[in-house]
Amino acid sequence: MLLRRCGTDALLVEVDSLTEVAAVRAALERLDGVEELVPAARTVLVKGALAQVREALKTVDLSQAPTTHSREITIPVIYDGPDLDLVADTAGTTPDEVVKLHTEAVYEVAFCGFAPGFGYLTGLPEQLQQPRLDSPRTKVPQGSVGIAGEFTAAYPRPTPGGWRLIGRTEITLFDAKAEAPALLQPGDQVRFVIA
Amino acid sequence: MSRTVTIIRTGPQALVQDLGRPGNAHLGVPPSGALDRDSLKLANRLVGNAESAAGLELLLGGLALEANSSCTIAVTGPSTELRVDGRLVDSHQPVHLKPQQVLEIGTPQTGLRTYLALSGGVDVPEELGSRSTDLLSGIGPDPLRDNDVLTLGKPGTATGADVVPPHRALHTLVVPILLGPRDDWFEDAETQLRQGSWAVSDRSNRVGARLQGTVLNRRDGEIPSEGMITGAVQVPPDGQPVVFLNDHPTTGGYPVIGVVDGDHLGFLGQARPGTAVRFRPVG
């Protein structure tokens, strides 16, 4: 674990894996005075309460990702994405099997970014861990469900994007006017079901 | 009955801004809020509002409005000509508008952003605890359009005792920068920053102040996306630094050579394209 200075009141905690990111996030999320806590692929950015943060990081067990989840969320998906056949071919299997693999796995929101409410979910079966499209789409429709590398995600709103799209959901992923605007938050457990 | 004003013309860009919605970066939501926070706070104090009330951030002034009810306004930021029904009035002071009076805001002589506070504040629905327009994410109200009618909140008591002379935007900014978190991507980051010189690019916006000038030599490649804070100086492969302002993306994959302290970001928010920028590495 490496602590990198980030201005006068923030630190970038650099670790080696998503498991370690989850451990650091869990160790810091209940500290008073923390203004921002932003997990990412190999880092956790923390702003505020740096003395308490440094103290808490001395005792964090990086080998233990938190086992309890604050929330469990189910996302219904219509599996008719434009890249479903490509994903099946790449995995050496059938579209039906892709759907089975994607719905049987249990995911966790590792971090959010790219756009409000865009959660990067880990737990993707190995056969579905595939590269991005060679040429990204200029507009991915809202609700599209895709895979890229070790992640799967649902697009909260139309944006450009290069993920392989296997389906779509009609659930609202982000609504700035709602009391709880984001469906997904870091640490949530997520399952996909056939809509 | 609610008090309102009608926007006759917006000028180049008129946005509702308060102090933003920090604390939501983990959801992918930028902090947003007024770029020159001190000017918005001052304008609010002048009209008897809480400092955090929503006002208008005007790019190069140019707004005109008609009061439909009586209200007190104050304009802050760089020195700007103001007229009420064609008569000159002072900026940086509370000005009372009677119903049907027309306020016209000129173009500031220096700087970029003028702030207009209205007694009671602009009352639009909050989104994630703020009324600010976030141009990157599309959160908050749309940019104002001609003929929009703005509803005002309940007025407080204007003090009028808090008059501060306008500051002039400078032709050259010397910006203190704290090295890190990714200064190790640069060979002798401190010397490169100290010896370089840049100008604010006309592609700057609320997302970032883009600087043009000395190329900062960095390693090739990208970092797995990591959290970004306001004031982070990101260096893309072309070596031209970008100072993240309030509507910045919450994560990014280019190395951050250093971070500009929040107290100095207001000056960058007021810096016109062409303004000379130098960095002063500290710490």
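Colleague: In which sense do strand β3 (residues 36–39) of chain A and β4(A) pair, and over how many bridges?

Modeller: In this predicted model, a hairpin joins β3(A) to β4(A) through 3 residues. Within the pairing, Val38(A) has Leu45(A) of β4(A) as its bridge partner. The sense is antiparallel, and the count is 4 bridges.

Colleague: Which residue in β4(A) stands opposite Ala10(A)?

Modeller: Strand β2 (residues 10–14) of chain A also pairs with β4(A), in the antiparallel sense and over 5 bridges. Opposite Ala10(A) in β4(A) stands Lys47(A).

Colleague: Why is strand β4 (residues 43–47) of chain A described as largely enclosed by the rest of the structure, and how many of its residues are buried?

Modeller: Buried here requires 20 or more other C-beta atoms within 10 Å of the residue's own. On one side of β4(A), Thr43(A), Leu45(A) and Lys47(A) are buried, and on the other Val44(A) and Val46(A) are buried, leaving both faces covered. The strand is largely enclosed because the buried residues number 5 of the 5.

Colleague: Chain A is divided into domain 1 (2–58) and domain 2 (72–194); which helix gives the most to the side of domain 1 of chain A that touches domain 2 of chain A?

Modeller: The centres of the two domains, taken over C-alpha atoms, are separated by 27 Å. The contact involves 5 residues of domain 1 of chain A and 6 residues of domain 2 of chain A. On the domain 1 side, 3 residues come from the top contributor, helix α1 (residues 18–28) of chain A.

Colleague: How do the residues on that side of domain 1 of chain A divide into nonpolar, polar and charged?

Modeller: The side in question is made of the 5 residues of domain 1 of chain A that are in contact with domain 2 of chain A. They divide into no polar, 1 charged and 4 nonpolar.

Colleague: How far apart are the end C-alpha atoms of residues 1–184 of chain A?

Modeller: UniProt, in an unreviewed entry, lists residues 1–184 of chain A as "domain: Carboxyltransferase". Over that range the chain is 21% helix and 30% strand, and the distance between the end C-alpha atoms is 27 Å.

Colleague: What radius of gyration does chain B have, set against that of a compact globule?

Modeller: Chain B contains 3 helices and 20 strands, and its C-alpha atoms fill a box of roughly 60 × 35 × 30 Å along the principal axes. Of its 283 residues, 54% count as buried. A compact globule with 283 residues would have a radius of gyration near 19 Å, so chain B agrees with its 20 Å.

Definitions and conventions: Residues are numbered from 1 along each chain as its sequence is written. Chains are lettered from A and ligands numbered from 1 in the order in which they are written. This is a predicted model: local features need pLDDT of at least 70, side-chain atom pairs count only at pLDDT 80 or more; totals for chains, interfaces and linings use all residues. A residue is buried if 20 or more other C-beta atoms lie within 10 Å of its own, exposed if 12 or fewer, and partly exposed in between; C-beta atoms are placed from the backbone. Helices (H or I, at least four residues) and strands (E, at least two) are DSSP runs, numbered from the N terminus. Two strands pair if DSSP finds at least two bridges between them. UniProt positions are given in the numbering used here, feature names are shortened, and annotations may be inferred rather than shown by experiment. The radius of gyration is taken over C-alpha atoms; the globule rule is 2.2 Å times the number of residues to the power 0.38. Domain bounds come from an automatic or database domain assignment. Two residues are in contact if their C-beta atoms, placed from the backbone, lie within 7 Å. Ala, Val, Leu, Ile, Met, Phe, Trp, Tyr, Cys and Pro count as nonpolar, Asp, Glu, Lys and Arg as charged, and the others, Gly among them, as polar.
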